[in-house]
Amino acid sequence: MRVYHLSAECYPIAKVGGLGDVVGALPKYQKLAGIDAAVALPYYNRNFVQEHSFDVVFRASTLMGGRRYEFEILKEKHDTLGFELYLIYVPGLLDRTEVYSYPDEREQFIIYQLCFLDWINWSQQTPDLIHCHDHHTGLVPFLLQHSALYKRLANVPTVFTIHNGQYHGAFGWERVNLLPEIDMWKGGLLEWSGGINPLASAVKCCSRYTTVSPSYLQELQVNSNGLEYLFWVERAKGQGIINGIDTEVWNPATDSMIAATYTADKPDAGKKKNKEALCKRFNLSTDKPLVSFIGRLVGEKGADMIPEALVRSIEQYAGALNFVILGTGEVDVQEALKAVSERYPENCQVFIGYNEELSHQIYAGSDFLLMPSRVEPCGLNQLYALRYGTVPMVRSTGGLKDTVIDYSQADGYGIAFANASADDMITAVGRALELYKNTAQLQLLCKRMMALDFSWNKSAAEYIQLYQYLTPNL
Ligand SMILES: Nc1ncnc2c1ncn2[C@@H]1O[C@H](COP(=O)(O)OP(=O)(O)O[C@H]2O[C@H](CO)[C@@H](O)[C@H](O)[C@H]2O)[C@@H](O)[C@H]1O
């Protein structure tokens, strides 16, 4: 079965967050399970692309907004990532360094989708299924079915995975001319709330949509930035499949980015060395429990509440814990975190920026990982924390609810709290402090967490079952 994954991110070429992790790993595990999975990504002018060799496998031009654009499809020569990787290169639009936030990103995502469809159409390829990820690829299901250009492909089934239902990629009807000629009778399938909404269109037109956890599937019906009714109406088409993690990239036994490797049966000495190295880097004492946060500093992640929670925790628990924060995002949150660090340098250190290597060191060297998310479709950080024997402290929502059981329950291992609030975070920090004092229990939890299996094997198999259901004649 030939499947193309379409996504704006794919680790290690271009990763901004968890979308990149998933699209960098899922196809690899699908290949191992016998699916001929490939990834078609926008071209990025980044290290991976400079350091690898590519063949031009297709060259043509396409029309967007009355202008003709030349494009090339490049294939990575050696399938280094364990699957075929194609980059869609459009000089002037898809040839940049960053993944998001260009003023013309609407045009970038549309041309990406058009070039992909033109390529498979003109090269007479007919994939068995197209798997689209998030709104950047959300127009594909509609265009396949309702643009005369792609009639030949109208029956190709599509799966649409929602990694983040808060962002829709919406734009006004005045820009419909960016799309190729479409059947205007079907215009309603593009629309939500008076505009063109790629996420809504994908949910309406795809064969099946998936969310990255079962709980998030339900939550979208009550919290999806205006699409709640749509998710309720289309609920029969939805399925929740929890993300896995790439256990080759995230493996404390082999990770070359951390200070010392360690295994589930004997984690203590390795974790201690990693904590020492991390604390040394940030000039923090190793004697106190270390609570960390890694992620985008945005409201969804509850990042705006962290500065207050840090100050109050440090005061309330008389500086008995230390904090390390790694992230980038909203400027006022960044500034507030830096201010906390300046006020309490012995208890709180902040690294504003994106740093993959440091993230591995934090997962390995921390005692606890805080995730006070307001919304969390799946969350990968807690799964990496578990793999590295670090206790996740999570607000029970979405995928966090589906993956973290509070340690007060039988077979539990994490710290869970109900509300996204500074108060709940401070209570959770107090529980972390208590748990830390009980060395024997912490060591037991560490082993229990590291023995859990969140690898892709099970989730990749669920996607394959879905593909098989949608392609009954194969
Ligand atoms: N400053 C920084 N430096 C280094 N690494 C950083 C970093 N900030 C974040 N990361 C890394 O980015 C990834 C974040 O993954 P998440 O799944 O937590 O969040 P994200 O919201 O991006 O993804 C969305 O998609 C994923 C995938 O489906 C869902 O799990 C999630 O709930 C949903 O919001 C992790 O690998 C983390 O280590």
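**Close-up 1. K15 is partly exposed in this predicted model.** Count the other C-beta atoms within 10 Å of K15 and you get 18. A residue needs 20 or more to be called buried and 12 or fewer to be called exposed, so K15, with its 18, is partly exposed. To find K15, look in the loop that runs between β1 (2-6) and α1. Leaving aside the neighbours within four places in sequence, K15 is in contact with E9, G20 and D21. If you're wondering why this residue gets its own panel, UniProt lists K15 under "binding site", though the entry is unreviewed.

**Close-up 2. Here is the shell of residues around the ligand.** There are 26 residues around the ligand, and G17, G18, H163, C378 and L380 come nearest. Which helix gives the most to this shell? That's α1, with four residues. The elements that each supply at least two residues are α1 (18-32), β12 (290-297), β13 (322-329) and α11 (356-365). As for chemistry, the shell splits into 13 polar residues, nine nonpolar ones and four charged ones.

**Close-up 3. Pull back a little and the ligand shell sits between two domains.** Domain 1 is made of two stretches, 2-244 and 457-470, while domain 2 covers 268-453. Both of them give residues to the shell, so it lies between them.

**Close-up 4. This panel shows the stretch that UniProt annotates as "domain: Glycosyl transferase family".** The annotation comes from an unreviewed entry and covers residues 279-438. Over that stretch the chain is 42% helix and 21% strand. The C-alpha atoms at its two ends are 21 Å apart.

**Close-up 5. Helix α9 (residues 306-316) has a buried side and a side turned away from it.** The buried residues here are I306, P307, A309, L310, S313 and I314. Seen down the helix axis, these buried residues fall within an arc of 165 degrees, so they line one face of α9. What do they pack against? Their partners are the strands β12, β13 and β14 (348-352), plus the helices α10 (331-343) and α14 (422-437). Flip to the face turned away from the buried side and you'll meet the exposed residues E315 and Q316.

**Close-up 6. Just after α9, A318 takes a positive phi.** The angle at A318 is about 50 degrees. To get your bearings, follow α9 along residues 306-316 and carry on just past the helix to A318.

Technical notes. Residues numbered from 1 in each chain as written. Predicted model: local features only at pLDDT ≥ 70, side-chain atom pairs only at ≥ 80, totals over all residues. Near = placed C-beta within 6 Å. Nonpolar A, V, L, I, M, F, W, Y, C, P; charged D, E, K, R; others polar. Domains from an automatic or database assignment. UniProt positions renumbered as here; feature names shortened; annotations may be inferred. Arc of directions from axis to C-beta. Contact = placed C-beta atoms within 7 Å.
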